[in-house]
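Biologist: Can you pull up the model so we can go through it together? I have some quick questions.

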Amino acid sequence: MINSDKPTEQNDLPVIKVRGLVNHFGAHVVHENLDLTLERGEILGVVGGSGTGKSVLLRSIVGLKRPNDGTVEVLGTTLNELNEAQRSQIERRFGVLFQRGALFSSLNLQENIALPLIEHARLPREDAEHLARVKLALVGLPPQAALQFPESLSGGMVKRAALARALALDPDILFLDEPTAGLDPIGAAAFDQLLVTLRDALGFSVFLVTHDLDTLYAACDRVAVLSQKRVLVVDTIDKVADTDDEWVQDYFHGPRGRAAQRAHTGSSNNANVQE
Amino acid sequence: MPSEWIARHDQTVTLKGEWTLANYRYIKAALNHSETRTELGKPTGATVSLDAITRLDTAGAILIVELIGVEKAQAVADWAAELPKEQQALLVRIAEAMEAPLDVDPPSYSRISQALASVGQHMAGLWSQQRQLLAFIGLVVATLFHLALRPRHWRLTATVAHIQQSGLNAVPIVALLTFMVGAVVAFLGATVLQDFGATIYTIDLVAFSFLREFGVLLAAILLAGRTASAFTAQIGAMKSNEEIDALQAQGLDPIELLVLPRVMAMLISLPMLAFVGMLSGLAGGAMVTSLSLDISLTQFMATLQKDVSVTHFLVGLSKAPVFAFVIAVIGCLEGFKVSGSAQSVGEHTTSSVVQSIFMVILIDAVAALFFMEMGW
């Protein structure tokens, strides 16, 4: 959100428009003619069995992998057509949380988060580190963690710190690759809630790759199922769960799926959290 | 103090405009200029209105919470009901995060004690490094003897693969380098010996230096740079990926699986490379003597045969296995010392190259003394 030209964009345009995406590694085809749209301000959960190309899709959208065919339109522009400088302008409006955190191992946490603030927002180091410490507290890390290095942290703390870094520049689009994997259930629930609060407050859009059924029920507005090399169905979670597909049925109506659904309907009846 | 972001009207301070990261510096400067901050800190101070804020992100929210205090921010719903629900939630959330003191200062020491501590740390590090090296050599040798009688545990495939990587693939670079050094030594000899009319001894100079020293030393230094670093990086990457732990947890011995094949490969490769180095050093010398000193190749070979005994060749070659062992062991040990960070991989790779070159030259100097005293 650090670009002041943002209000000039039409707000009803989808932030990400993937059309006819083809990805293959040698003879192994991962995506074939894949279409997907991420609307402004929504949290889109992307699910699929292992090896259906969820992470590859994420990498194609953020520009880490050049698709073999098809177009990826982000914030109204096609990334592959831009030059280095224009790309960087767009890319700084992304926040990406990688599956394994990918914190910079030679910087402590506070420096990890201050880095984009210093480089992109041009803040003085002192201010940047102050903001970094607040963001670390915001994702639930204790103040002492600010001076620790990633190697001395537990997996859950790495995830939180990585989220804080992804949020550093108050991005327009947040890409999360399995953010709650490796968190304890309490931490995962707090993460879901944090995500919704921040999304409501900051109005960013979220592309969320996950296996966590609780996250799908608690945080996602829509769910996309990746199967058979394309997006099988995109809709609200209840409609997706009713899709007539073997994998979808197993996924949403297996023992874990039912438990997550029960937990969700129970809590929303009590507190009226959703809608 | 009127500005783009703050306006005062009697007892009301109005915050307005875009309180975002892009404006963070300017808002902060504006706040520092006005007396707003001190007045809002007082309990009976001015009231705040947030209604005119058009955009708010976390950076702006942090500034507001700092300005009005955590308690007031948490009760934002009571006094700023006009503010959109989302922005209220953001303020409350930020205030919660800022409730506990956030500043942790690293412990600070005086410069003198820091300098002393760093000297002590380096000395202690040097000492423990040598101890670790000796312990690791012991471990490797013990494992080697333990497995010598158990052919089933010999990792032939891995060993051959490492011989290819560190031995065979290094042949061109070793040959080229020693050839050029051989030519340089011959040139030097020719220049100095010309004054005495003894240019024919250039052949002896090249032969002695390459058979006894340069052939094996140059090959060893090249492998220290080329292979010790590779071993450190390979094992270091496995260490930070917890692969070493996985091996141990499965009851497999990382020394047997990772270190011994590398050590064996080096023990086989380096003598061969040293031999290649000797030959191509002599070839370099022969080229210079035949082109610029008018000593024919036949004469070169005849002098070589007459003046230079095979002892020199054996003395040179006998050092190769020692160098090989030291280089391989240092490379592997430094790999095991790698901890998680990328920086650590770099530090230990550097350390393994520096240490192994240092050890190679040190051992070579001691060996030269020894062979001289023995009259070999």
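Modeller: Here it is, and we can take the questions one by one; keep in mind that this is a predicted model.

Biologist: Start with chain B. How many helices and strands does chain B have?

Modeller: Chain B has 15 helices and three strands.

Biologist: And what is its radius of gyration, next to that of a compact globule of 376 residues?

Modeller: Chain B has 36 Å. A compact globule of 376 residues would have a value near 21 Å.

Biologist: What box do the C-alpha atoms of chain B fill?

Modeller: Roughly 110 × 60 × 40 Å, taken along the principal axes.

Biologist: Which domains is chain B divided into?

Modeller: Two are assigned: domain 1 covers 6–97, and domain 2 covers 140–374. Their centres, taken over C-alpha atoms, are separated by 69 Å.

Biologist: What share of chain B is buried?

Modeller: Buried residues make up 34% of the 376 residues.

Biologist: Now contacts inside chain B. Among those between residues at least 6 apart in sequence, what share joins residues at least 24 apart?

Modeller: That share is 82%.

Biologist: Switching to the contact with chain A. How many residues does each chain give?

Modeller: Chain B gives 28 residues and chain A gives 26 residues.

Biologist: Which elements of chain B give two or more residues there?

Modeller: Helix 1 (24–33), helix 3 (58–68), helix 6 (85–97) and helix 15 (342–374) of chain B. Helix 6 of chain B gives the most, with seven residues.

Biologist: What classes of residue are on that side of chain B?

Modeller: The side of chain B that touches chain A has 16 nonpolar, seven polar and five charged residues.

Biologist: New topic: backbone angles. What is phi of B:Asp294?

Modeller: Phi of B:Asp294 is near 55 degrees, a positive value in a residue other than glycine. B:Asp294 lies in the loop between helix 12 (254–292) and helix 13 (297–307) of chain B.

Biologist: Is B:Asp294 buried or exposed, and why?

Modeller: B:Asp294 counts as exposed because it has 9 C-beta neighbours inside 10 Å, and the cut-off for exposed is 12 or fewer.

Biologist: And over in chain A, what is phi of A:Glu178?

Modeller: Phi of A:Glu178 is near 50 degrees, also a positive value in a residue other than glycine.

Biologist: Where does A:Glu178 lie?

Modeller: In the loop between strand 7 (173–177) and helix 6 (185–202) of chain A.

Biologist: Why does A:Glu178 count as partly exposed?

Modeller: A:Glu178 has 19 other C-beta atoms within 10 Å. A buried residue needs 20 or more, and an exposed one has 12 or fewer, so A:Glu178 falls in between.

Note on methods. Residues numbered from 1 in each chain as written. Chains lettered and ligands numbered in written order. Predicted model: local features only at pLDDT ≥ 70, side-chain atom pairs only at ≥ 80, totals over all residues. Helix = DSSP H or I, 4+ residues; strand = E, 2+ residues; numbered from the N terminus. Rg over C-alpha atoms; globule rule 2.2 N^0.38 Å. Contact = placed C-beta atoms within 7 Å. Domains from an automatic or database assignment. Nonpolar A, V, L, I, M, F, W, Y, C, P; charged D, E, K, R; others polar.
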